[in-house]
Amino acid sequence: MKNFSSQTKREFLKRMAATISAGMVMGLPKMTLAAGETIKIGFLAPLTGPVAAWGKPGLDGCQIWAERINAAGGIQINGESHPVEFIGYDNEYDPAKARAGASKLVIEDGVKFVMMLGGDTWPGAQPVADRTGMLFSTLLPSDLGPDTSTLIAPAEVHPIYNVTGVQWLAENHPDLKSAVICAQDDALGIPSVATYLAAFEAAGIANEDPILFDAATTDFAPIVSRMISLNTDIICLDTCYTEFVHPLVEQLFQQGYEGTVISCTADFYQQMIEKTSAEFMEGFIFQFPDFDDPALEQDFINFEDPGGFFAEYNNRHPGEWGAVSWEYASIMDLWKWAAEKANSIEPGDVLTSMLESGMGEHAFGTADWWGKDLFGIDQALVGNWPVVVVNDGKARIQEYKWIPGWYEEHGEILKKYFTEYNIMWDQR
Amino acid sequence: MSKPKLLILFSFLLLAVILIVLPHGLSYSQREILVFLTINILVVSSYRLLTLTGEWSLGHIVMMGVGAYGSALYTKELGVPVPISMVLGALTAGIIAWGLSFPLFRMKGFYFLIGSFAAGEIIRLLWKRFRDPFGGPKGIKRIDPFPDIDLGFVRIDFFDPVNYYYFALIIVVLCLVILWRIEKSMIGLTFHAVHWQDKLAESTGVNVRAYRTLALVISATFAGLAGTLLAHYIGTVNPNVFDIEQMVFVLTWAIVGGTTTIYGPIIGCIILTALNEIVLREMGLEQGRPLVYGLILIASVLFMPKGLEDVVKKVIDWIKLHVLTGRIKNV
């Protein structure tokens with residue numbers, strides 16, 4: 001238990017005020033930011049357990065981001081510099097712990113923004129967001145709905161960006177005409193299945209019935225055997241968890257699959273190469289680049305020194321670079337930009353600042369606040385997304401694709417599959 | 001009043017005062033954890049009732065889920081008021097357990113353990129497979145909270161963890177009293193007989209299977225009630241909340257605490273939850289918690305094989321010997 005006597009009077013009063021206001025359901029009071037005062041940001045994601053691969057690397061990336069920002073003078077609010085600090089809470093991908101964590105971060109630690117992975121954990125944190133008006137972010141825009149006014153999806157619009165990989169594949173390999181998708185049957189896998197089905201149909205690629213498996217599956221050999229037996233040109237690994245992608249790829253290698261593999265993620269792909277071979281992994285398509293990629297050195301990229309960030313990350317956490325290593329940091333870039341524009345760190349002011357022009361500075365270029373059609377609210381930042389392919393044992397961006405362009409042309413197909421899987425915002 | 005009775009009365013009064021004052025000495029998030037801890041005490045205590053008959057189940061946490069899903073659906077789909085839906089949710093868990101007892105009690109011991117796991121997984125897979133009405137893998141969201149109580153001069157908002165803690169505490173204490181009364185009744189004695197001398201009990205006319213079924217149904221009903229308390233607090237349920245990993249926690253609380261007394265599993269639940277959710281987090285071991293937690297578990301099993309309840313028993317024996325008999329003066 002915390003030693004209350006060790007707190008300063010100011011901290012105690014702030015905490016009491018926040019607690020009382022939360023208890024009375026009045027929302028959080030606006031606090032004046034003292035000169036040089038540290039800005040606290042909450043990080044509420046799984047840091048342990050099976051989904052930790054989409055939490056912990058993000059916190060590691062944020063620590064590097066904070067050090068870089070603080071070394072450069074911090075965040076400028078009303079002409080004064082403020083250092084930034086991240087406070088992590090391991091929600092273990094459990095909604096009850098997400099609620100406890102959200103309460104701790106918002107009411108006790110006084111954070112001004114909370115970043116989450118989302119998914120199963122968002123419903124637990126949502127009542128805290130509703131009551132306090134705190135700004136939250138998610139990596140999974142399927143959490144968005146007309147009633148989630150303080151939730152944004154500013155880094156990745158999972159799983160919509162998966163259409164870019166299929167689009168690229170169809171343009172560059174027009175000979176591939178059939179595909180089968182496998183996925184864990186859960187909140188992460190199903191929306192991605194609907195998206196890949198739409199993307200394949202839009203690209204004129206025939207879909208076999210998706211193979212869904214339980215998230216408790218440990219033996220992937222039968223799943224892979226079944227997929228190979230369908231004799232399709234493409235095997236799609238959907239948005240499987242990292243701990244599923246690796247054994248699936250190993251099984252594909254061991255069972256002699258020679259076709260094309262596409263996946264949403266390929267976290268720690270170097271380990272996959274070690275377990276299989278560089279030849280087998282050649283041409284493996286996914287959506288998350290290494291940040292030493294020359295294609296990230298272009299003018300429209302809104303991520304400061306991606307190569308330096310990647311090098312520092314690998315220096316501190318060798319072999320742990322994954323899909324989310326940069327994403328939470330890129331959300332912070334957007335938050336910093338909006339806070340400095342608003343000259344305020346209050347959640348409502350920052351949100352208004354972010355949304356007011358209808359566009360935002362996404363890591364892969366200026367993007368649109370979008371989503372009303374699919375999510376019931378325009379709070380997902382959608383624009384360019386890279387298509388990444390493993391060549392000679394190294395993942396490299398092949399091309400950026402404009403997601404709103406695809407949606408304009410094929411949105412109805414996507415809506416058809418979203419409806420089929422009951423994941424449209426008005427079906428949830 | 002005799003000295004032992006006075007001491008017992010004083011102990012209960014002291015415990016009541018501690019339980020009432022406790023949330024006010026905690027931070028906001030620790031109060032949230034206190035709510036979950038209170039609910040979990042009901043889960044592990046109800047689990048113990050089943051273990052009295054000698055059977056250990058791996059499906060108990062799923063029964064908690066049946067209560068949670070049931071109550072959520074009665075509220076959302078049928079518009080049943082939350083307090084009534086909580087009772088119905090608990091009863092649903094009991095009825096499902098009764099249904100499962102027919103195949104499960106064709107097995108005993110290890111086979112029952114595996115059978116209960118399979119039965120639980122079937123229920124979890126049904127929740128996942130049937131999006132209507134169970135919501136599929138994403139489960140059910142926006143479950144109605146327990147309604148606020150407006151007394152005119154004061155409004156009790158159950159979003160506040162302190163208020164919900166008091167509400168859950170009343171329910172859990174009532175349930176513990178009922179469980180204790182069952183254990184001390186003839187039914188409870190028969191549960192023990194079924195555990196230790198099932199053939200002998202059968203030869204005296206005890207319907208062993210009926211008593212095992214009764215224990216399963218009662219434990220599932222209380223677990224279901226715990227599930228309803230959880231569902232209407234966090235506002236969401238999904239199949240992963242009731243998976244085998246959570247069941248392992250329940251088993252751990254029971255094993256580390258001990259199951260020969262009613263307070264054994266409760267002590268295990270309190271100590272391990274406080275350790276995992278408060279002490280290790282406050283020590284800044286956010287990511288190292290599973291490692292430290294595991295090491296402590298191994299150490300406790302090695303050095304306290306009879307569970308934490310054994311330590312409490314020794315303290316009680318010491319008090320009986322030295323305080324109540326007045327021998328403290330001679331020590």
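This is a short dialogue on reading a predicted model, from the chain contact to a hairpin.

Q: What should be known about the numbering and the cut-offs of this model?
A: Residues are numbered from 1 along each chain as its sequence is written, and chains are lettered from A and ligands numbered from 1 in the order in which they are written. The model is predicted, and local features need pLDDT of at least 70, side-chain atom pairs count only at pLDDT 80 or more, while totals for chains, interfaces and linings use all residues.

Q: How many residues does each chain give to the contact?
A: The size of an interface is often given as the accessible area lost when the parts come together. Here residues are counted, two being in contact if their C-beta atoms, placed from the backbone, lie within 7 Å. Chain A gives 32 residues and chain B gives 29 residues.

Q: Which element of chain A gives the most to the side that touches chain B?
A: Elements are DSSP runs numbered from the N terminus: helices (H or I, at least four residues) and strands (E, at least two). Helix 3 of chain A gives the most, with eight residues.

Q: What is the strand order in the open sheet of chain A?
A: Two strands pair if DSSP finds at least two bridges between them. The five strands of the open sheet in chain A have the order 4-1-5-6-7, with parallel pairing. Strand 4 and strand 7 (151-152) of chain A stand at the edges with a single partner strand each, so one side of each has no neighbour in the sheet. Within the sheet, strand 1 (residues 39-45) and strand 5 (residues 114-116) of chain A pair over three bridges, and A:Phe43 stands opposite A:Met115 of strand 5.

Q: How do helix 2 and helix 12 of chain A cross?
A: Two packed helices are described by the angle between their axes and the distance between the axes. Axes are lines fitted to C-alpha atoms, for helices over the stretch in contact, and angles run from 0 to 180 degrees between N-to-C directions. The axes of helix 2 (residues 56-71) and helix 12 (residues 327-342) of chain A come within 7 Å and cross at roughly 40 degrees. The two helices are therefore oblique (not under 35, over 145, or 65 to 115 degrees). Residues that meet include A:Trp65 of helix 2 and A:Met332 of helix 12.

Q: How many residues lie between strand 14 and strand 15 of chain A in their hairpin?
A: Two residues lie between them. Strand 14 (residues 359-362) of chain A runs antiparallel to strand 15 (residues 365-370) of chain A, joined by four bridges. A:Glu361 has A:Thr366 in strand 15 as its bridge partner.

Note on methods. A residue is buried if 20 or more other C-beta atoms lie within 10 Å of its own, exposed if 12 or fewer, and partly exposed in between; C-beta atoms are placed from the backbone.
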